[in-house]
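The following account leads the reader through selected features of one protein structure, from its interior to the packing of its helices.

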Amino acid sequence: MRKLSEITDAVLTYHPTADLDVIFNAYMFSAKAHRGQSRDSGEAYLSHPVEVAFNLTRLKMDERTIAAGLLHDTIEDTLTTSDEIQNVFGEEVYHLVEGVTKIGQMPFASKEEKQAENYRKMVLAMAQDIRVVMIKLADRAHNLKTLDSLPEEKQKRIARETLDIYAPMANRLGIGWLKTELEDGSFKYLHPGPYRTLLKKVEQVESERGLYVEECCRALDRELKSSGIAGKVMGRPKHFYSIYQKMIVQDLPFDELYDLVGLRVIVESEQSCYAVLGVVHSLWRPIPGKFKDYIAMPKPNRYQSLHTTVSGPRGQRVEVQIRTAEMHRVAEQGIAAHWQYKEDGNSSVKHLNDHLDWVRTMMEEQKEIKNAKDFLASFKVDLYFQEVFVFTPQGEVVAMPRGATPIDLAYNIHTDIGHHCIAAKVNGKLVSLRYKLKNGDQVEVVTDDQKFPSREWLPLVKTSKARNKISNYLNHRERERSRILGTELLENMIRKTGLEPQEVLQGPALDEAIHSCGFNNYDNLLMSVGYGKTSARRVLEKLVPREKIPAARHDELAEKTSPGSPGSPIRVKDFEDELLIRMGKCCNPIPGDSITGYITRGRGISVHHSQCPSVTGLVNESERLLEVEWDPPSEASFPTRVSIVTVEKQGQLAKISQGLAECEVNITRANVRLSGFKRAYFDLTIEIHDLSHLEKTFQRLKQIDGVLHVERVQEFGKKKPSLKGDAWEGTGGPEPSEEEPERVSS
């Protein structure tokens, strides 16, 4: 069993003036009260409150909270009364012990009702004194380590509750290490088979991974020193539950996971963080779309750090976190990092009100909720802030992914509602289908039987159900329209010969024409003609021999092809006719990008980046896709959107404009905004010749004093919100808000 001296020594490391007598007295009182009691594991019961108290020292709690941790089970599990605790230890310790005791003490009609009321009490306790919940978290952390002696059913119940409630609560309070500990401990009992397998695999690669991490650390440390940057570089692997989640969600075996290696750099100042980012990106090639600036835009739990993923030595991906020592302290300790001690020995919480605003809001919103099921759903809304929970007009809680729109919700309710939705009423106010749902929204979907899905919906939706339903509808509609158009085009071509379509489109000749054109049925042939991918004249040549067509009709049958756009930068492979070609404005591809073309009915070929949702979303429409390649004129230029982050100071726009001019780059659109973090954000559209030109331009921009980050903006490159429990995302939380108020716009 842990010794009392380990607790007191730990307290003195962060609170040298602590009153250790209250801890000593609480230890002696607890030992006497629990004398003769033992846990299911056979250990003396006192070992549990002692471990809880030690966990509280890891949370940097004050001496009275630690004393309450030592006493937290005395009222419930011994003959000790509330009056005794109050008389011996005073009001403060008494209220803390009483607060923990009240959670889970009253009898209820059902397990669900009991669970709901316990959580309601936790919310109330958080609002009144956050230390009560810190004791409860410390208590659960130790209980999780001693589940082996319990029946399997109870193990799983406690582990599930921990994963559903306590780990997210630790995350919501920003306590990174505790969140990780609770998740891994729960994983061990909820999925024992995968846990043991994963543990074995991690142990097998640990030595190799350790050598690789050391290699990366040495390389980065050398670069930092040569750049004159003082910083500490260290390695950090993902925790087991995070690895397991990635394996499940990405459907990958352990051997194919690429991001098991991570580095963390601790520096002295915020400015040094961005300097280190530049060093990292110059040392190793950054992975596009894998950069996150949580310093300029902190997460809701106050987490701050720069995150980037790079292609490290031998091409292996490495995740790098860059933060100051203070940011690291907040990332690991969360709200406990703001617990400070006055000279008189009393404790106070700095900025505690800011941290607990969400708790008070939760209480206000939930005080009228009587039903246990509704309360549980509402309680989880505020814990799982990487997900969005909304309410239907009937009060039903629906979980949606972050960034979901009313379209996602409509299809979640019923396919017909999704097909005919036109808007939504959110909290009584009419909004468009582009509105991003927020936690707690009450949403009523507005429908119109005369309205149907459009392709513009696909980039708006987040759920696979909505995307699949929309794609299936559009595919069916496009196929039907193309079949009708193909029929019309083919029949018109036949009539030009002086023959009747019904006479030609039958018998063995039609079957032979279908197969010789490369199709297995007549409908697919007609759809290809309707799309414009197969020429009606070509089908006619297979159907009717040339000698059977009167000579006077030959000139009339000659097809007029579109000359296309003179000097088009795109060449269509294996397609002889010249076609009208348009560049996709959603992704703005430039020479050097991987591209794909697809046929748009009546509008020629649309060319997009191969990763653009406009083409990746074309499920089961391979007949519309075409192979295209770059063939640009020598002086052609292409619009490209770029984002630049700089230090906020006068003249930055002029310097950026001069740098672009030196690279022979023209600006066609500019938007500038200033944040509250002394940062300026430039959203520019510039004209670029190709990828090489863009890279040279970026190199020049990075040389400008005050420029912190430059990247190309492409919609398809946006990263999805990380999984709940992803350790490398620090303390978790949603993506930075894109709705930060702008102070300056031009």
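The paragraphs below treat the nonpolar cores, then individual helices and their surroundings.

The model is predicted. Its largest nonpolar core comprises 67 residues, and Leu 56, Met 134, Leu 178 and Leu 182 have the most contacts inside it. Helix H8 (residues 130-145) supplies the largest share of this core, namely nine residues. Another core, of 33 residues, lies apart from it and includes Ile 570, Val 572, Val 607 and Leu 674.

Helix H10 covers residues 176-190. At 1.5 Å a residue, its 15 residues should span 21 Å, and the end C-alpha atoms are indeed 21 Å apart, which agrees with that expectation. Of the 15 residues of H10, 13 are buried, so the helix is largely enclosed by the rest of the structure.

H10 also takes part in the surroundings of helix H14 (residues 325-333): together with helix H13 (270-283) and strand S6 (317-324), it is among the elements that cover the buried residues of H14. Those buried residues include Met 327, Val 330, Ala 331 and Gln 333. After H14 comes Gly 334, which has a positive phi, near 60°.

Two packed helices are described by the angle and the distance between their axes. For helix H2 (residues 20-33) and helix H4 (residues 63-71), the axes come within 9 Å and cross at roughly 5°. An angle under 35 degrees counts as roughly parallel, and H2 and H4 are therefore roughly parallel to each other. H2 contributes Val 22, Ile 23, Ala 26, Tyr 27, Phe 29 and Ser 30 to the contact, while H4 contributes Glu 63, Ile 66, Ala 67, Leu 70 and Leu 71. By character, the residues of this contact are nine nonpolar, one polar and one charged.

Terms used:
Residues are numbered from 1 along each chain as its sequence is written. This is a predicted model: local features need pLDDT of at least 70, side-chain atom pairs count only at pLDDT 80 or more; totals for chains, interfaces and linings use all residues. Side-chain values use heavy atoms; hydrogens and water are left out. Helices (H or I, at least four residues) and strands (E, at least two) are DSSP runs, numbered from the N terminus. The expected span of a helix is 1.5 Å times one less than its number of residues. Buried means under 20% relative accessible area, exposed over 50%, partly exposed in between (1.4 Å probe, protein chains only). A nonpolar core is a set of buried Ala, Val, Leu, Ile, Met, Phe, Trp, Tyr and Cys residues joined through side-chain atoms within 4.5 Å. Axes are lines fitted to C-alpha atoms, for helices over the stretch in contact, and angles run from 0 to 180 degrees between N-to-C directions. Angles under 35 degrees count as roughly parallel, over 145 as roughly antiparallel, 65 to 115 as roughly perpendicular and the rest as oblique. Contact means heavy atoms within 4.5 Å. Ala, Val, Leu, Ile, Met, Phe, Trp, Tyr, Cys and Pro count as nonpolar, Asp, Glu, Lys and Arg as charged, and the others, Gly among them, as polar.
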